[in-house]
Number of protein chains: 2
Amino acid sequence: MGNTVKRFKKTREARAQEVAQDYVEAIAELIEETGTARVIDLARKFGVSHVTVNRTIARLSKQDLVTSEAYKAIELTPRGKTLAHTVKERHAVVLQFLIDMGVPREVAVIDAEGIEHHVSRRTLEAFKRFSTSRNQLTLHSNKE
Amino acid sequence: MGNTVKRFKKTREARAQEVAQDYVEAIAELIEETGTARVIDLARKFGVSHVTVNRTIARLSKQDLVTSEAYKAIELTPRGKTLAHTVKERHAVVLQFLIDMGVPREVAVIDAEGIEHHVSRRTLEAFKRFSTSRNQLTLHSNKE
DNA sequence: CTTAAAGTGTAGCACAGGCTACAATTAAAA
DNA sequence: TTTTAATTGTAGCCTGTGCTACACTTTAAG
């Protein structure tokens, strides 16, 4: 299999996991902020109908990322919690990185959402290095 | 409509254009390198069946990005050419940026493929600034 | 407690993007 | 030129992710 093929296959596979990642992250946030994560909350957050959320939750449930009983709030499984934590951290790194690069915050927030899912470990490390060194510099020149 | 909703809608819309962008870029490359872009070439490049390529080409044709006659090679419309050019340039900027950030080339190639579609104008500019200043620095210390 | 509103679930549709299997066409070999 | 191989096209299937419409359950107001 050619390298280009591998590259595009990887990109497609990553895409298949994006929704799952967005959902567990959102669910974790909702639970943290409001105590529960309901279908309607997710529907509002993502701007989709509750039907779409429902089916996605069913799929996540099959993947052992969430548990859900009819008419009950959604819970994260241990696997779901772990994933949510990883995703949250990565999201924060990417967002901070873009901001540190000089991208206006509102733009950075949008771009981070799309970019985060495609950032490998190595690239994430590079982003962290950049933010860290930039922040150390400002320690000496700026108390922000 | 909430900001979060807008953000996710934007991400979804961007996603819908990714395939189109990948295809016109690949078609432009094939034409440049081999003279023609055929269905089978694209199928091999993306690692999908020729059927998938066929239907995608039909969709791109509706969007006035390519022209295709049965059993003939695929051509880009003026719109398609313009898009291909934009995408190619952005891809190059993102790839170079990742490499300049210290990401190993093989990893950068994969990540760039996923990231490029989510990079806004502002972020692209930030990437360019970084690569430019880094390259100017190496001019003085390294002839690479 | 009863009723209205909010939330949830399900049926059924659309489209994108995967596939296999088979038919048709074009290009290459004999 | 005929036959074979490669390429392209079409039918029909699957899954993911979107929707509306309608039914059911839970929650909140009266």
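The following paragraphs go through a predicted model, from the single chain to the pair of chains and then to the DNA strands.

Chain A is a suitable place to start. Its secondary structure comprises six helices and two strands. Read from the N terminus, the order of these elements is α-α-α-β-β-α-α-α, which places the two strands between helix 3 and helix 4. Along the principal axes, the C-alpha atoms of chain A occupy a box of roughly 55 × 45 × 25 Å. Of its 144 residues, 33% count as buried. Among the contacts in chain A with a separation of 6 or more, 50% are between residues 24 or more positions apart.

The relation between the two protein chains comes next. Chain A is superposed on chain B by a rotation of 180° with 0.0 Å of shift along its axis, and the RMSD is 0.0 Å. This is the relation of a two-fold axis. The residue of chain A that comes closest to the rotation axis is Ile115(A), whose C-alpha lies at 2.6 Å.

The contact between the chains involves 31 residues of chain A and 31 residues of chain B. On the side of chain A that touches chain B, helix 1 (3-34), helix 2 (39-46), helix 5 and helix 6 each supply at least two residues. Helix 1 of chain A has the largest share of that side, with eight residues. Sorted by class, the side of chain A that touches chain B consists of 16 nonpolar, eight polar and seven charged residues. Of the interface residues of chain A, 100% are also interface residues in chain B, so the copies meet through the same surface.

The nonpolar interior draws on both chains. The largest nonpolar core has 24 residues, and those with the most contacts inside it are Val94(A), Leu98(A), Ala112(A), Val94(B), Leu98(B) and Ala112(B). At least two residues of this core come from each of helix 4 (78-100), helix 5 (105-115) and helix 6 (121-141) of chain A, and likewise from each of helix 4 (78-100), helix 5 (105-115) and helix 6 (121-141) of chain B. Leu98(B) can serve as an example. Apart from its neighbours within four places in sequence, Leu98(B) is in contact with Val103(B), Ala108(B), Asp111(B) and Ala112(B), and with Thr123(A) from the other chain.

The DNA strands remain. Around DNA strand C there are 18 residues, of which Arg38(A), Val39(A), Ile40(A), Val48(B) and Ser49(B) are the closest. Helix 2 and helix 3 of chain A and helix 3 of chain B each supply at least two residues of the surface near this strand. Helix 3 of chain B gives the most, with five residues. The surface near DNA strand C has nine nonpolar, five polar and four charged residues.

For DNA strand D, the residues that come nearest, out of 18 around the strand, are Val48(A), Ser49(A), Arg38(B), Val39(B) and Ile40(B). Here helix 3 (50-62) of chain A, together with helix 2 (39-46) and helix 3 (50-62) of chain B, each supply at least two residues of the nearby surface. The most, five residues, come from helix 3 of chain A. By class, the surface near DNA strand D holds nine nonpolar, five polar and four charged residues.

Conventions
Residues are numbered from 1 along each chain as its sequence is written. Chains are lettered from A and ligands numbered from 1 in the order in which they are written. This is a predicted model: local features need pLDDT of at least 70, side-chain atom pairs count only at pLDDT 80 or more; totals for chains, interfaces and linings use all residues. A residue is near a molecule or strand if its C-beta atom, placed from the backbone, lies within 6 Å of it. Helices (H or I, at least four residues) and strands (E, at least two) are DSSP runs, numbered from the N terminus. Ala, Val, Leu, Ile, Met, Phe, Trp, Tyr, Cys and Pro count as nonpolar, Asp, Glu, Lys and Arg as charged, and the others, Gly among them, as polar. A nonpolar core is a set of buried Ala, Val, Leu, Ile, Met, Phe, Trp, Tyr and Cys residues joined through C-beta atoms within 7 Å. A residue is buried if 20 or more other C-beta atoms lie within 10 Å of its own, exposed if 12 or fewer, and partly exposed in between; C-beta atoms are placed from the backbone. Two residues are in contact if their C-beta atoms, placed from the backbone, lie within 7 Å. Copies are superposed by least squares on the C-alpha atoms of residues with pLDDT of at least 70 in both.
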